[in-house]
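Student: I have this model open and I'd like a close look at a single part of it. Could you pick one helix and walk me through its surroundings?

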Number of protein chains: 2
Amino acid sequence: MITVLRLGHRAGRDPRISTHCALVARAFGAGAMLYSGEHDSDLEKSVRDLVKNWGGAFEIEHTKKQIKTIKDFKGKNFKVCHLTVYGHPVHNVIKKLRYFKNILIIIGGEKVPSEIYKLADFNISITQQPHSEVAALAILLHEYFQGKELKKEFAEAKIKVIPSKNKKIVKKSK
Amino acid sequence: MITVLRLGHRAGRDPRISTHCALVARAFGAGAMLYSGEHDSDLEKSVRDLVKNWGGAFEIEHTKKQIKTIKDFKGKNFKVCHLTVYGHPVHNVIKKLRYFKNILIIIGGEKVPSEIYKLADFNISITQQPHSEVAALAILLHEYFQGKELKKEFAEAKIKVIPSKNKKIVKKSK
């Protein structure tokens, strides 16, 4: 089980970025996303509506206490992996990470408290350049699952896309 | 040379998503990003300021005529690759794409005109699930460069991050 923890969501400023984080988490094989910062029912509704149509069992929940959440996961034998530009390059760490099945992946907001660097079992960087938590999460999951996530099927999907050379082909069921 | 074309930017709604697209393009080895939709000097300034500090030669420019831009690239022998959930799965196409050195990667806004599906030499999907153009771009470049982009060095960088287990280590020069 992979769970993502998105830190410091701001409903006014981050709605689309946090939505992208949740959809990437789901599409690339995570089972849930927790988020700290502001509670945002619109974010939750848009993700839950998408899950209803596109299938699978992805969950999204708000957490008020991010540090306690991380400690609870560690107590439940999850390895904690924090994505940060300052961490170890992903290609040096990914083999070790694959030994573990239960992982909490933390992705940052603006300022990440230093306590989180210390609580993390792995601080991992995806390049040493500033870019995007959305991209960092996708690359980590892609490397972790070694591309198998690209073929993942989602149970009870009402909408399915059929790959095509140059057309939009969508299968819908009730 | 890889150039990204981001379609239909909306300054009010998309500033952070388009910034993430540009930063991912740069960090994962593209040389430039063009964008259509609204002109946005703040977006351009934030990307150019980042390039000044973090190095390399990445460029960002607005284009008023997206279809003409695509045709011009085709005229200059670029292969056009359009990222869309409806396209061919990336793992089936990536080997073919690697034969080409000059590529225009198109990433969508809300509604992509059907002409673009036809102009594209490759319509490529990164999973058949809805997620994020930021993630799709990162995965495509990561697959195209086969992970080598993760070790890319940026010339004349004033800021460099030194990877670390649990600290922020940054080297700054003037």
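Tutor: Here is a look at helix α1, with the chain around it and its copy in the other chain. Keep in mind that this is a predicted model.

Let's set the scene with chain A. Its secondary structure comes to six helices and eight strands, and from the N terminus on they run β-α-β-α-β-α-β-α-β-α-β-α-β-β. The C-alpha trace spans about 45 × 35 × 30 Å along its principal axes. The radius of gyration is 16 Å, which agrees with the value near 16 Å for a compact globule of 174 residues. Buried residues make up 44% of chain A. As for contacts between residues at least 6 apart in sequence, 80% of them join residues at least 24 apart.

Now zoom in on α1(A). This helix covers residues 15-27, 13 residues in total, and reaches 18 Å from its first C-alpha to its last, close to the 18 Å expected at 1.5 Å a residue. Is it covered or open? Mostly covered, with 11 of its 13 residues buried. The buried set starts at I17(A) and S18(A), goes on through T19(A), H20(A), C21(A), A22(A), L23(A), V24(A) and A25(A), and ends with R26(A) and A27(A). Just after the helix, G29(A) takes a positive phi of about 105 degrees.

What about helix neighbours? Two packed helices are described by the angle between their axes and the distance between the axes. For α1(A) and α2(A), which is residues 41-54, the axes come within 10 Å and cross at roughly 35 degrees. The crossing is right-handed. On the α1(A) side, the contact is made by P15(A), S18(A), T19(A), A22(A) and L23(A), and α2(A) answers with D42(A), L43(A), S46(A), V47(A) and L50(A). An α-helix has 3.6 residues a turn, so residues three or four places apart point the same way. That spacing is worth keeping in mind as you click through the contact list. By class, the residues of this contact divide into six nonpolar, three polar and one charged.

Over in chain B, the axes of α1(B) and α2(B) come within 10 Å and cross at roughly 35 degrees, and that crossing is right-handed. The contact there is made by P15(B), S18(B), T19(B), A22(B) and L23(B) of α1(B), with D42(B), L43(B), S46(B), V47(B) and L50(B) from α2(B). The class split is six nonpolar, three polar and one charged.

The chain B helix also has a part in the interface. 40 residues of chain B are in contact with 40 residues of chain A. Elements giving two or more residues to chain B's side include α1, α2, β4 and α6 of chain B. Which of them gives the most? That would be α1(B), with six residues. Overall, the side of chain B that touches chain A has 20 nonpolar, 15 polar and five charged residues.

One last stop while you're in chain B, for the backbone. Most residues other than glycine have a negative phi, and most peptide bonds are trans. N77(B), though not a glycine, has a positive phi near 70 degrees. It sits in the loop between α3 and β4 of chain B, and N77(B) counts as exposed because it has 9 C-beta neighbours inside 10 Å.

Notes: Residues numbered from 1 in each chain as written. Chains lettered and ligands numbered in written order. Predicted model: local features only at pLDDT ≥ 70, side-chain atom pairs only at ≥ 80, totals over all residues. Helix = DSSP H or I, 4+ residues; strand = E, 2+ residues; numbered from the N terminus. Expected span 1.5 Å × (residues − 1). Buried ≥ 20, exposed ≤ 12 C-beta atoms within 10 Å, placed from the backbone. Rg over C-alpha atoms; globule rule 2.2 N^0.38 Å. Contact = placed C-beta atoms within 7 Å. Nonpolar A, V, L, I, M, F, W, Y, C, P; charged D, E, K, R; others polar. Axes fitted to C-alpha atoms, helices over the stretch in contact; angles between N-to-C directions. Left-handed = near helix turned anticlockwise from the far one by under 90°.
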